[in-house]
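Let's walk through this model together, one region at a time. Keep the sequence and the 3D view side by side as you read.

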Amino acid sequence: MPPLEEYTEYLRGIWERRWLTNDGVLHQELERRLSAYLGTEHVSLFCNGTIALLVALNTLRINSGEVITTPFTFPATAHVLYWNGLRPVFCDVEEQTLNLDPARIERLIGPDTKAILAVHVYGIPCDIEAIEQIAGRHGLHVIYDAAHAFGVKYHGHPIVDYGDLAMLSFHATKLFSTIEGGALISRTAAQRSRINFLKNFGIAGEEEIIGPGINGKMDEFQAAFGLLHLRMVDEEIARRKVLAMIYRERLADLPGLRLLRETPGTEPNYAYVPVLVNAVEFRLSRNELFQALRSCNIISRKYFYPLVSRAPCYAALPSADPARLPVAERAAHDVLCLPIYGTLSASAVHRICDVISACHRLRSGKPDTIVTVG
C-alpha cells in the first residue's frame, strides 16, 4: 500500500477538479508514465484485465470460431472467449515453463481456428518465436495474457511488445496495482484508437456512436493509486529478487521439489515463487505440504488448481479431456506458490524454508522441529 497521506493528496485534487472518470487528468498521466516505464508506445488503461481481454478480441474482430489457449491459467483467460462467442481449444503446456507448448499447438489448428491466446505464466515468457512462426504460417492472430508479466523484458524488449495485443492486469494481488485495473498494449495509433472507442461504449463524440462498445474505463481513484504504486514498483521488484534468491538457494537441493528455471534472455519481475512437489521423492504430496504450511501460519496458493478445463462449463469439450493435457494436469496437482512480497523479511523466508525442509526430513524418518511463522 502506498502512504495514505500521499493518496489523500491525490484525492484532494480529484475533489477540487470534480472529474471522477472518463479520461481524467490522472488517467492520462498514468498512461504516459506507464508507457515510459514499460518502454512501449500505445497503452490503454482499463477498469480490469478481464474487460481488457474482452476488448482485445473485439479489436481484432475475433467473434466466431475457435481460439487455442492454455488450461493452466486463471479462469478469466477462457471466460473471455466464452463471452465473445468463441470456443476455447485447450492445448497442453511445456514441462519447463508451464506455458503453451508450441509442439502441440499446430496439431490443434483447424478450419475454425482464429487465434492463439497464450499466457506468460508466473511472468515467464512463452516461446514467442515458435508461436509467432506458427501463427504466421496459418494466418492467426496472437494475443498474450501478460497478467503476471508487468515489467518483464525478453532479450531487451518489453514482453508486452509481442503478439498482436498484450494484456496486463493491475489487480490488488499483482506486482503493480491500481486496486482493480488493467491495460491493453497495442501496436499502432489506429489500433489504440479503436480500443479506446470500444472501452467507452463505442462513443466517438457527444452525438456519435461508431459501434457496440463496453464500459471498460479506469477511474481517477484507481489511476491515483497506480501513480503512487508506480513509484514503488522498482523497489518492490528488487526486494522480491532478494527473497526469490533465498528460496532458490535454500530449496534447490531438496529432493522432490522443483523450481521453474528462468528463461535465458529474460529480465524477470519475481512476482511469484512456484514450486512443483513430487510426492514420491519429497515424501509429502502438494496438498499435504500446503496443509503443513497452513498449520504454521504460512499461506501458500495452489495456483493454478484445478485446471480451467476441469470447470463444468468447459469439461465436455474434446480438448478438455485430461488425457490430452497430461503435463498441465500433473502441474495443477503438484504446483504450490510460496509467499513473496516486498515487506516479507528475509528471516521469514528462511523460516518458511526451514518448515519445508523439516516436513521433508520428518517424512524421511529424520526427526526435526517445525517452527511457527506468524
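Helices here are DSSP runs of H or I with at least four residues, numbered from the N terminus. With that numbering, Pro-306 sits in the loop between helix 10 (286-295) and helix 11 (326-334). Please keep in mind that this is a predicted model. Zoom in on the backbone just before Pro-306: the peptide bond that joins Tyr-305 to Pro-306 is cis, with omega near -5°. Most peptide bonds are trans, and most residues other than glycine have a negative phi.

That brings us to two backbone angles. Ile-179, in the loop between strand 8 (165-169) and strand 9 (182-186), has a positive phi near 80° without being a glycine. Tyr-270 also has a positive phi, of about 55°, and is not a glycine either. Tyr-270 belongs to the loop between strand 13 and strand 14. How do their surroundings compare? Ile-179 counts as partly exposed because its relative accessibility is 39%, while Tyr-270, at 12%, counts as buried, the cut-off for buried being under 20%.

Stay in that loop and look at Asn-269, which lies between strand 13 (266-267) and strand 14 (273-277). Asn-269 has a relative accessibility of 2%, so it counts as buried. What does its side chain reach? One partner is the backbone oxygen of His-148, at 3.0 Å. A polar atom of the Asn-269 side chain also lies 3.1 Å from the backbone nitrogen of Ala-271. Beyond its neighbours within four places in sequence, Asn-269 is in contact with His-148, Ala-149, Phe-150, Val-152, Leu-175 and Ile-237.

Phe-150 leads us on to the interior. The largest nonpolar core holds 107 residues, and Phe-150 is among those that touch the most other members, along with Phe-72, Tyr-122, Leu-251 and Ile-356. Helix 8 (residues 220-251) supplies the largest share of this core, 13 residues. If you select Phe-72 and skip residues up to four places away in sequence, you will find that it touches, among others, Val-93, Leu-98, Tyr-122, Phe-304 and Val-335. A second, separate core has 24 residues, including Phe-46, Leu-53, Ile-62 and Leu-117.

Finally, a word on cysteines. How many disulfides are there? The count comes to zero, taking a disulfide as a pair of cysteine sulfur atoms within 2.5 Å. Take Cys-91: its closest cysteine sulfur is that of Cys-126, 11 Å away, so the two are too far apart for a bond. Cys-91 is buried, with a relative accessible area of 0%.

Key
Residues numbered from 1 in each chain as written. Predicted model: local features only at pLDDT ≥ 70, side-chain atom pairs only at ≥ 80, totals over all residues. Heavy atoms only, no water. Helix = DSSP H or I, 4+ residues; strand = E, 2+ residues; numbered from the N terminus. Buried < 20%, exposed > 50% of the residue type's maximum accessible area, 1.4 Å probe, protein only. Polar contact = N/O pair within 3.5 Å; in protein donor to acceptor, adjacent residues only side chain to side chain. Contact = heavy atoms within 4.5 Å. Core = buried A, V, L, I, M, F, W, Y, C linked by side-chain atoms within 4.5 Å.
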